[in-house]
Amino acid sequence: MLRAVNTSGKRARNLILIGFMGTGKTTVGQHVARSLGFRFVDTDKLVVKQTGKPIPKIFEESGEDYFRGLETGVLRQCAEGSGQVISTGGGIVTRAENHPLLHEAGYVIWLKTSPEIIFERVRRNRNRPLLKTADPLQTIRDLLELRKPLYEACADLSITTDHLTMEETCYGVTESARLVLGGDPATE
Ligand code: S3P
């Protein structure tokens, strides 16, 4: 269930959640931030706040590349802070320049979920432009296959959430983060 991917020995400042759409990054991140006494930030929400536009509209008007540029800008800002749980958009790992930013920002946990469970979670949500295809389950499978090595390269730890309740996932994330982050980095 829990697997250390990279062992860097660094003293992390933030906890960063990465993983595909629908893996629970936002819900888990909010709970964990409360448990750790950290601030919760979400790169998607920051992009929406900065542009004043919902994500599907940004994709529609300006395309994915433009969105990725905004996402990198927001990640750069978040990476400068400390004492935060940072929930990221599922495609943040697709830009190579984001990899060192994620590493420098802190301790990176990858929430891993199977395509079938992701599909069940996201099927009624119209907020994910990349899944507006004729066969969204196949799109999820294809994108996950492409992104798996990228998540792997960015993660310090991965947690497979398929057979975990939300509470169990939060517990695993919180306790491993406590071990790595130690005390409250916001006050150090
Ligand atoms: C994306 C995931 C979304 C959002 C955008 C693109 C992706 O975030 O950033 O729609 O490429 O996987 P969530 O993972 O929070 O749904």
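**The ligand and its pocket**

Modeller: Helix H4 (residues 64–80) gives the shell around the ligand its largest share, three residues; a helix here is a DSSP run of H or I with at least four residues, numbered from the N terminus. The model is predicted, so local features need pLDDT of at least 70 and side-chain atom pairs pLDDT 80 or more, while totals for chains, interfaces and linings use all residues. Residues are numbered from 1 along each chain as its sequence is written, and side-chain values use heavy atoms, without hydrogens and water.

Biologist: What makes the approach of lysine 25 to the ligand a polar contact?

Modeller: A polar contact is a pair of N or O atoms within 3.5 Å. An N or O atom in the side chain of lysine 25 is 2.5 Å from an oxygen atom of the ligand, so this pair meets the definition. Arginine 147 also qualifies, because its side chain places an N or O atom 2.7 Å from a ligand oxygen.

Biologist: Where does the ligand sit?

Modeller: The ligand sits in the largest pocket, which means that more than half of its atoms lie within 2 Å of the pocket's grid points.

Biologist: Why is that space called a pocket?

Modeller: On a 1 Å grid over the protein atoms alone, a pocket is an open set of points with protein on both sides within 12 Å along at least five of seven lines. The largest pocket is lined by 32 residues, with Met21, Asp44, Ile55, Asn127 and Arg128 nearest its centre; lining residues have an atom within 4 Å of a point.

Conventions:
A polar contact is a pair of N or O atoms within 3.5 Å; within protein, one must be able to donate a hydrogen and the other to accept it, and residues adjacent in sequence count only if both atoms are side-chain atoms. On a 1 Å grid over the protein atoms alone, a cavity is a set of points where a 1.4 Å probe fits but cannot get out, and a pocket is an open set with protein on both sides within 12 Å along at least five of seven lines; lining residues have an atom within 4 Å of a point. Helices (H or I, at least four residues) and strands (E, at least two) are DSSP runs, numbered from the N terminus.
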